[in-house]
Amino acid sequence: MSETPPPAAARRSGAARRVLRNPLGLGSALVLAVIVAAVLLAPVLSPQDPDLASLRDSFGGPGPGHPLGLDSAGRDIASRLLYGGRATLGGAVLAVLVALAAGVPAGLLAGYRGGRVDAAANWVVNLVMALPAMVVLLACRAILGPTVWVLMVVLGLLVAPAFFRLVRGIVAGVRNELYVDAARVSGLSGTRIVARHVLVVVRGPIIIQTALVAGIAIGLQAGLEFLGIGSGSAPTWGAMLNEAFKNIQRAPGMIVWPGLALGLTNASLVLLAAALRDALEDRGTPPARRRPRPPKAAPPPGGEPGRAGLLSVRGLTVAYALADGRSKQVVHGVDLDVRAGEIVGLVGESGSGKTQTAFSILGILPEGGHVGAGSVTVEGLEIVGLPERAHRALRGNAVAYIPQEPMSNLDPSFTVGAQLMEPMRHRLGISRAEARRRALDLLRMVEITEPERVFGSYPHEISGGMAQRVLIAGAMSCDPGLLIADEPTTALDVMVQAEVLGLLRRLQRERGLGVLLVTHDLGVVADVCDRVAVMHDGRIVETDTAEQVLSDPRDPYTRRLLGAVLDHAPARAPWQPAAEETV
Amino acid sequence: MLNFVARRLAAGAVLLFVISFLSYLLLSVPHLDVGRQLLGSGAAQDLVDAKNAELGLDRPVPARYADWLAHAVRGDLGTSWFTGEDVRQAVGTRLPVTASLMIGVLLVTAAVSLLLGVWAGVRRGPADRLVQMLGVAGYALPGFLVTLVIVVVFAVRLGWFPAIGYTGLTESVPGWLSTITLPVLSLSLAGVAGVSQQVRGAVIDVLRQDYVRTLRARGLPPSRILFRHVLRNAAAPALTTLSLQFVGLLGSSVLVEQIFGLPGIGSMTVTYTTRGDIPVIMALVMVTVVLVVAVNLVVDVLIGWLNPRARSV
Amino acid sequence: MKKTSRGAAIVAAGAAAAAVLTGCAGSGGAKGGTDALNIATLTLPQSLDPADANGSAMPFFQAVYDTLIKREADGSYSPMLATKWEYDTDRTELRLTLRDGVKFDDGTPFDATAVKANMERFVKKTGAQAKTLKGVKAITVADKTHLALKLAQPDPAMLFYLSDAAGLMANPAAFAKPGDPLKTRPDGTGPYDLDAKKSAIGTRWVYSRAQNYWGTKLPYDSVTISYFDNETAIVNGIRTGQIDAAVLQDADQQAGIESVPKIVKTKQEFDFQGLVLFDRAGVRTPALRDPRVRQALNYAIDRKTMLAKLRQGRGEATSQIFGTGAAGYVKELDGYYAYDPAKARDLLKQAGQAGGFTLKLPRVSAIVPDALASSLQTDLGAVGVKVAWDNVDGGAIRRIFTERGYSAMVMNLGQPTTDWLAISDYVLPGAFNMFGYTDDTVKGLLPKIQAAEAGGAKAELRALNEHLVKDAWFVPFYRMSYLHVSDGTVKITPQSGMAVPSLYDYAPAK
């Protein structure tokens with residue numbers, strides 16, 4: 001999303017805790033810890049020397065001194081498992097370290113510097129990827145000797161491109177985004193921003209990739225042993241697995257232990273990686289019990305006196321399901337009305353619940369969020385408890401949405417024209433040519449000077465202000481009666497802000513629209529709003545005409561809000577990370 | 001676009017040259033004593049020396065490489081030291097086997113991963129857990145064990161499919177399908193495990209994008225948003241994973257080829273490299289490089305087509 | 001995106017469905033009837049040029065070429081391209097009478113000149129078996145069907161050679177052609193022709209019946225030999241009936257297929273496994289010069305346990321290198337060295353090696369699995385001989401044979417029924433006696449053995465065997481039994497003295 005992630009350190013401790021709270025994360029971390037500890041303590045835990053063989057006793061079952069029995073050479077399976085883990089896991093660690101050391105710095109450099117450095121690095125990476133792995137492995141083995149360490153170093157080098165590509169891709173993407181950012185936030189050097197952001201963004205994928213590469217390294221050892229490209233006489237789980245396979249008729253049970261060690265380790269690695277990723281990127285599986293049924297609509301629509309015909313909200317509550325199964329209410333009983341031809345400002349700080357209120361009217365609350373109680377009527381129709389399909393029919397036609405961040409709200413893969421035409425063709429059922437004509441009209445209407453060019457452009461080819469106009473055009477495309485604008489000017493610079501507000505105002509007047517303008521910017525309110533509702537902590541604390549609220553606020557919170565604006569009076573409100581919007 | 005493809009092809013040609021030299025060097029450094037391998041360990045030393053001389057192994061490596069290159073650019077890849085067959089023919093008869101295998105695996109992996117990944121990413125909850133578990137199983141189980149179980153169950157016990165061998169597509173289509181099904185199944189499991197996770201992650205990421213919310217706010221139905229917008233944006237990372245998977249397949253197909261007795265280039269690479277049959281391996285190396293370059297090119301073009309931003313960068 | 005993915009899914013689903021529908025028919029149809037024979041092998045022929053023919057690859061050649069002499073399954077010789085052969089009295093001239101009227105496919109007649117051309121080329125080419133005709137000084141063609149081989153000295157194995165690689169007769173018209181066409185387009189008088197269209201050299205060779213074969217037809221219209229690099233695939237193929245016949249060497253694979261009822265199994269003991277002591281002269285390991293040290297090594301190892309555990313009992317413990325079919329074989333010598341570590345320590349003490357010594361051994365992991373490596377280490381270690389294994393996988397064979405870097409090596413070696421083959425490979429100076437060691441007893445016995453016909457000087461052969469065992473030239477472990485398996489449609493007669501049956505040894509089961 002558009003928000004800057006909070007400082008890495010703060011999130012990291014949270015991530016660790018989140019991983020351990022996730023039962024799978026905790027379980028796999030525990031299993032791995034036990035395995036690593038056991039392998040490290042092999043000299044203490046092993047019943048005997050892993051190479052001590054007694055052919056007479058080979059294939060012996062579990063007994064005193066040999067808890068897991070003996071292998072085909074009469075060596076103690078438990079001891080070999082413990083010592084074998086050293087070469088196996090040590091080898092995997094080595095492969096990962098080599099891959100990280102070779103792939104990550106190169107990826108950072110190539111992604112950040114771009115140009116020739118990038119081209120050169122890419123060529124080398126293509127070379128490594130195209131190298132026939134088997135030939136390289138076999139040749140290095142023949143030259144350097146058949147040990148697990150040689151195989152793992154070679155493997156590390158061969159998989160380094162995976163890290164390189166991953167890091168390079170992310171860094172290149174972040175760099176492009178941050179040039180915009182860096183220009184906005186003056187004072188911080190671009191390098192420092194990139195470094196800080198890169199660390200945060202790249203960390204998660206690298207951890208996951210690391211776990212996967214470790215798993216691949218362990219699996220590959222086993223595969224190579226099977227092909228007869230073994231790692232000499234040192235015990236490894238792969239060698240044990242292969243030995244068991246070679247004697248599968250004689251002692252079918254022997255395959256269990258190395259198979260289990262290998263499988264458990266790999267499974268734990270993948271699960272831990274998944275838990276880490278979910279914690280870092282915050283996309284864990286939500287408890288996702290069935291979405292709670294919305295309450296049946298309370299009062300009959302329009303019956304109650306004082307409710308506006310266009311939009312009327314009464315006693316609305318919004319809640320989010322938490323990971324532990326409980327739910328947390330973020331909006332507590334909001335009342336709100338918007339009449340046709342009226343601009344209502346919904347004002348409040350970040351986290352006050354204003355965006356949640358707007359989203360529940362549109363029916364686009366994010367995952368886990370739901371309307372708990374209350375009534376919302378749009379053009380007299382109750383939408384709380386309305387089936388999704390019927391609710392969807394209102395969106396676009398009756399109520400439309402203008403988002404905050406223009407760039408991130410356009411699909412980067414489609415042209416502006418395609419994105420404008422799609423809802424019209426779908427909702428209004430008009431022909432392609434007709435949709436095209438109307439889309440160009442819309443672009444003209446939002447005061448875009450070269451509609452044809454913008455129509456054929458991709459979002460990354462137009463400016464932020466232009467994109468916001470396109471989004472306004474999109475909102476107007478199916479001729480709605482109610483417009484919900486969520487901080488429509490916040491992401492724009494001052495000049496453009498004024499233009500966009502003017503445009504909104506003009507459209508509202510010409511078409512007699514009702515507008516719910518969600519904003520934290522009292523200057524905007526003063527400019528365009530007829531009435532204002534001030535929101536704080538999920539509640540409306542004051543509702544009145546704009547004049548009244550701005551000149552004579554009654555609620556202490558409103559007064560504080562106004563005071564802050566007057567004291568600092570920034571040209572444009574400083575952007576703040578908003579926990580509410582990142583949900 | 002044409003310019004891009006041309007540049008990439010030129011880079012590929014340079015790559016081919018560099019890798020051929022590196023490989024020749026790597027193959028020549030360990031002295032595999034090809035002569036003795038050919039004549040058996042009991043052969044007299046003078047005969048072995050004569051055999052090595054006959055193969056040109058008494059000459060310095062750069063000279064041998066130059067010789068090989070001079071013939072190779074004219075399309076003459078020589079004959080195998082160990083089976084006497086024409087190298088082009090030898091690789092030509094085995095390439096279709098591995099190619100069938102890989103195309104089959106890519107199709108199955110792409111299709112199944114897409115279904116599972118999207119299902120998990122959109123539905124979340126139990127579906128998500130199930131797909132994640134499948135992924136874990138795919139990673140945790142050693143590939144050759146899975147393959148062995150598949151052969152024993154579906155070929156030996158149930159007799160639904162042949163246990164070994166390959167029937168060419170041109171010989172018989174049903175025969176080809178029946179010989180290729182189990183190997184493709186065995187190889188796809190790990191691929192599906194990896195790629196479906198990638199698709200799931202990408203779908204979840206895209207679903208959280210602001211523009212998806214805006215599309216919902218425009219009243220578009222979820223299915224349309226999913227198929228038109230989410231999948232298209234999620235495709236690039238999935239394609240990249242798939243192309244990496246392909247490169248990996250070139251290596252991992254050897255296990256499956258051996259167990260199913262498939263005469264493909266995977267098992268060929270291992271057997272001929274351990275023996276040191278340089279003419280054959282060099283041809284295999286060339287084929288591998290061409291395949292990798294081609295697949296990467298195709299994937300990059302596809303990604304460019306799907307994602308206009310990558311196109312202009 | 002939507003379209004492609006859906007398309008892919010449909011294709012995949014269709015493929016799976018079609019495969020399920022056709023799968024049964026496919027595998028059923030592949031079953032061999034009496035008209036076709038499918039053999040699986042782990043041996044890759046270097047080419048189909050007789051000059052490259054060698055040991056286990058013989059069936060590939062027997063399909064296309066005839067040998068001068070036919071070797072029957074029991075090891076006896078019968079006429080093939082040669083109808084008669086006789087030695088002069090001092091056994092240095094072998095006179096051959098050839099079959100008249102045999103022609104190659106292009107009409108070139110098979111005659112004495114062709115034989116001479118074949119043999120001269122065979123020696124000149126650097127093939128693995130070229131050494132077998134090294135002792136032929138001159139070849140004199142008497143007329144179209146008669147020729148004589150003049151030998152430098154008597155060679156009791158000469159008839160064997162003529163029934164083997166050296167006896168394969170190719171069309172001399174192909175010799176002069178550029179690029180050695182015989183390598184991939186064999187041209188002989190044999191019972192089959194290579195079907196180049198159906199064959200894929202390197203993986204599958206398909207032979208179809210030659211139209212005008214001069215001799216008795218073999219029972220199969222076509223023979224397919226498929227190469228596999230592992231026995232797992234072969235066992236699966238036998239079990240599904242896709243392969244008709246194969247030899248299994250691996251003990252566990254044998255055990256796996258034994259329980260399957262429809263499979264027909266025939267046991268054969270051929271190779272022995274053991275430690276070949278190259279350095280009896282003590283060049284690298286001085287301790288080995290003393291016979292008592294070599295005997296100690298023999299007493300130190302526990303053959304019975306090794307056989308039971310390493311080969312799952314499939315084979316016979318032995319102390320001699322001669323196989324049961326050889327004239328020099330002495331049954332009593334199998335158990336000559338019983339496991340006796342105390343005696344071993346005693347012998348070492350007598351030899352002045354009470355402190356023990358280190359024996360560095362090369363290890364090829366395909367021959368020496370972990371269990372064998374560690375059991376030798378344990379057994380020999382128990383009497384004070386420290387075994388140090390050097391892994392020589394991937395290109396270090398050079399260190400063994402060319403640089404003569406090791407004093408001994410664990411090997412799997414054949415036990416031919418022709419005694420002289422074993423003697424010339426294992427006893428005479430050569431690759432397996434690389435330091436050229438010999439002693440007076442051996443020097444005394446060899447001339448008598450060499451001058452007699454194969455297996456003729458039985459007393460001397462037995463004496464030689466006894467000497468080799470008692471003087472401990474080798475540390476044999478056991479003869480390994482191999483298992484001939486067929487899916488029930490083929491009757492296999494094992495070829496005496498060969499690990500792989502000749503092509504003539506397969507017949508449809510009744």
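Leaving aside its neighbours within four places in sequence, which residues is A:Leu516 in contact with? Select A:Leu516 in this predicted model, and then add A:Leu311, A:Val338, A:Val344, A:Leu346, A:Ala358 and A:Ile484, which are the residues that answer the question.

Keep A:Leu516 and A:Ile484 selected, since both names return at the next stop. The largest nonpolar core has 418 residues, and those that touch the most other members are A:Val136, A:Ala217, A:Ile484, A:Leu516, A:Leu517 and C:Ala246.

Now show the whole of chain A, where you can trace 21 helices and 10 strands. Of the 583 residues in this chain, 49% are buried, and among its contacts between residues at least 6 apart in sequence, 70% join residues at least 24 apart.

Next, select helix H9 of chain A, residues 237–246, where 10 of the 10 residues are buried, so that the helix is largely enclosed by the rest of the structure. The buried residues of H9(A) include A:Trp237, A:Leu241 and A:Phe245, and also A:Glu243 and A:Lys246.

For the last stop, select helix H6 of chain A, residues 133–144, together with helix H11 of chain B, residues 265–275, whose axes lie 10 Å apart at an angle of about 30°. The two helices, H6(A) and H11(B), are therefore roughly parallel to each other, and H6(A) passes H11(B) in a right-handed crossing. On the H6(A) side, the contact is made by A:Met134, A:Val135 and A:Leu138, while H11(B) contributes B:Thr269, B:Val270, B:Thr273 and B:Thr274. Colouring this contact by class will show four nonpolar residues, three polar residues and no charged ones.

Conventions: Residues are numbered from 1 along each chain as its sequence is written. Chains are lettered from A and ligands numbered from 1 in the order in which they are written. This is a predicted model: local features need pLDDT of at least 70, side-chain atom pairs count only at pLDDT 80 or more; totals for chains, interfaces and linings use all residues. A nonpolar core is a set of buried Ala, Val, Leu, Ile, Met, Phe, Trp, Tyr and Cys residues joined through C-beta atoms within 7 Å. A residue is buried if 20 or more other C-beta atoms lie within 10 Å of its own, exposed if 12 or fewer, and partly exposed in between; C-beta atoms are placed from the backbone. Two residues are in contact if their C-beta atoms, placed from the backbone, lie within 7 Å. Axes are lines fitted to C-alpha atoms, for helices over the stretch in contact, and angles run from 0 to 180 degrees between N-to-C directions. Helices (H or I, at least four residues) and strands (E, at least two) are DSSP runs, numbered from the N terminus. Angles under 35 degrees count as roughly parallel, over 145 as roughly antiparallel, 65 to 115 as roughly perpendicular and the rest as oblique. A crossing is left-handed if the near helix is turned anticlockwise from the far one by less than a right angle, and right-handed if clockwise. Ala, Val, Leu, Ile, Met, Phe, Trp, Tyr, Cys and Pro count as nonpolar, Asp, Glu, Lys and Arg as charged, and the others, Gly among them, as polar.
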